Amino acid sequence: MNTFEQDIDTLRTWDRTHVWHHLTTGQAASAGVPMFVRGEGLTLWDSDGKEYLDASAGGVWVTNVGYGRKEIADAVYQQLMDLNYFAGSMASKPAAAFAEKLLGKMPGMSRVYYSSSGSEANEKAFKMVRQIAHKFHDGKKHKILYRDRDYHGTTLATLSASGQAERREQFGPFMPGFVEFPHCCEYRSQFGDVEDYGLRAAAAMEEVILQEGPDTVGAVIIEPITAGGGIIPPPSSYLRQVREICDRYDLLLIMDEVVCGLGRTGAWFGYQHYDVVPDIVTMAKGVASGYAAISCTVTTERVYEMLQEAEGDTLGYFRDISTFGGCLASQAAALANLNIIEREGLVKNSARQGERLLAGFRELADRYALIGDVRGKGLFLGIELVTDRQSKQPVDERISMAIAAKCKEHGLLIGRTNRSLTGFNNILNFSPALTITEQQVDIVIERLDRAFHDVTEGM
Ligand code: PMP
């Protein structure tokens, strides 16, 4: 039992006066943000005892196996008592066991490099690309291409590789060597009415490679399904074509699975819907479902081999470290988490319940004209709100905020895009734990329906 000496009012006061919350304005923080104190499955309780159904997996797509998993807590406890830490340059039981199990879900991939956040996993991938450029291309093939609307992290290099202008505002100058290319958002169809949208969008990437000079470009990074930029799955032809173009110009394809990985989209990994094998895959959030901080940069054997010491090149191995990549309990948590996903068939459940949720959203779209689009895969879904379906003009931010607030009032937690980060204010996000049942899906729809009703009634 986890106890704090102080009563909840004292802790709430200390929170308001001492804690600087992520992504929260001072105004909101001083008004008081919710303090969640307990979770079980998809259910959360706040410090006032109010109960919520969490359809956001901890707010940012993290808690894939749900709250209150004793099996993970026990695995963490056992590992902490056996051995809590040793640097990742040494071998450990949980690192070996998790890597073997994880790679079993990723045909074509071969090596697991541990760190402790999604940004860090992407930084590692970028450093691999840079080092390969220096070793094999005189440093020339060092540029990394990223897409408009994709997000790859909060550090300066990963922000340099993120296509969300508002999020970058006031943090420049950015690192050289990162180049943006257009996204592939069929709903907003920036390339007009074309026969195969995926092929057209991939061609836009190729145009940028040619402009930059293929001998200067080392890699492309992509979110298989864009998360914070508005839940954007690509058309089926897109990623295969991207892979082909990468092969044509000898570029590494980095798949950012920080959100999509570990069953979120109804496949073990998002890219596996699209019949491609990347060179590097990064993952974080669902790896241990928030029971521990852990991320992985997974590579093919070819990438691994390129970053080994060659004869006479003592600097040629990947000279990188992550201190907390050696936290053994995080790897034990990841192994227990993966065992649960496998044993309980949660990838299949994600696909099945995702279909049910999507069908519910479509029914809501029949009744609420402000729903412009519903989309996603598995339990990674979004609803885009517009003033009218013809013009696709995004609704005023106050409307999406009001719907999310009404959901909360009715005991349902959902996510939404944030204009001050992504430029888009009008997309509601749904990503319940992969354990969600049919009955819980129906509760999500029923509470969301009430929220839409409350907000649109007064319009
Ligand atoms: N990549 C993607 C696709 C993400 O959504 C995020 C975080 N939301 C990150 C990377 C960065 O992960 P972290 O916050 O753990 O550094």
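**Two sheets, two domains and a ligand shell in a predicted model**

Strands β2 (residues 43-46) and β3 (residues 51-54) are paired in the antiparallel sense through three bridges. Two strands are taken to pair if DSSP finds at least two bridges between them; helices (H or I, at least four residues) and strands (E, at least two) are DSSP runs, numbered from the N terminus. The structure is a predicted model, in which local features need pLDDT of at least 70 and side-chain atom pairs count only at pLDDT 80 or more, whereas totals for chains, interfaces and linings use all residues. Residues are numbered from 1 along each chain as its sequence is written.

Within the pairing of β2 and β3, Leu44 has Tyr52 of β3 as its bridge partner. The hairpin formed by these strands has four residues between them, and Gly49 in this hairpin takes a positive phi near 85°. On the other side of the description stands strand β13 (residues 412-413), which pairs with β3 in the parallel sense over two bridges; here Asp54 is opposite Leu413 of β13. Strand β1 is joined to β2 by four bridges in the antiparallel sense, and Glu40 has Thr43 in β2 as its bridge partner. Together, the four strands make an open sheet of mixed pairing, in the order β1-β2-β3-β13. The edges are occupied by β1 (36-40) and β13, each with a single partner strand, so one side of each has no neighbour in the sheet.

A further open sheet of four strands has the order β11-β12-β15-β14 and antiparallel pairing. Its edge strands are β11 and β14 (415-416); each has a single partner strand, so one side of each is left without a neighbour in the sheet. Strands β12 and β15 run antiparallel and are joined by four bridges, with Asn429 of β15 as the bridge partner of Gly382.

The protein chain as a whole contains 16 helices and 15 strands. Its radius of gyration, taken over C-alpha atoms, is 22 Å, which agrees with the value near 23 Å for a compact globule of 459 residues; the globule rule is 2.2 Å times the number of residues to the power 0.38. Along the principal axes, the C-alpha atoms fill a box of roughly 70 × 60 × 40 Å. Of the 459 residues, 49% count as buried, a residue being buried if 20 or more other C-beta atoms lie within 10 Å of its own, exposed if 12 or fewer, and partly exposed in between, with C-beta atoms placed from the backbone. Among contacts in the protein chain with a separation of 6 or more, 72% are between residues 24 or more positions apart; contact requires that C-beta atoms, placed from the backbone, lie within 7 Å.

The protein chain is divided into domain 1 (8-65 + 345-457) and domain 2 (71-343), with bounds from an automatic or database domain assignment. The C-alpha centres of the two domains are 26 Å apart. The contact involves 34 residues from domain 1 and 30 residues from domain 2. On the side of domain 1 that touches domain 2, the elements giving two or more residues are α3 (57-61), α13 (346-367), β11 (371-377), β12 (380-385), α15 (419-422) and β15 (427-430). Helix α13 provides the largest share of this side, five residues. By class, this side of domain 1 has 14 nonpolar, 14 polar and six charged residues. For these classes, Ala, Val, Leu, Ile, Met, Phe, Trp, Tyr, Cys and Pro count as nonpolar, Asp, Glu, Lys and Arg as charged, and the others, Gly among them, as polar.

Around the ligand there are 16 residues, of which Ser117, Gly118, Ser119, Gly153 and Val258 come nearest; a residue is near a molecule if its C-beta atom, placed from the backbone, lies within 6 Å of it. Helix α6 (residues 118-137) gives the most to this shell, three residues. The shell comprises six nonpolar, eight polar and two charged residues.

Several individual residues were also examined. Trp61, in helix α3, has a positive phi near 60° although it is other than glycine, and is buried, with 23 other C-beta atoms within 10 Å. Asp138, in the loop between α6 and β5 (143-147), likewise has a positive phi, of about 55°, but counts as exposed, with 10 C-beta neighbours inside 10 Å.

Definitions and conventions
Two residues are in contact if their C-beta atoms, placed from the backbone, lie within 7 Å.
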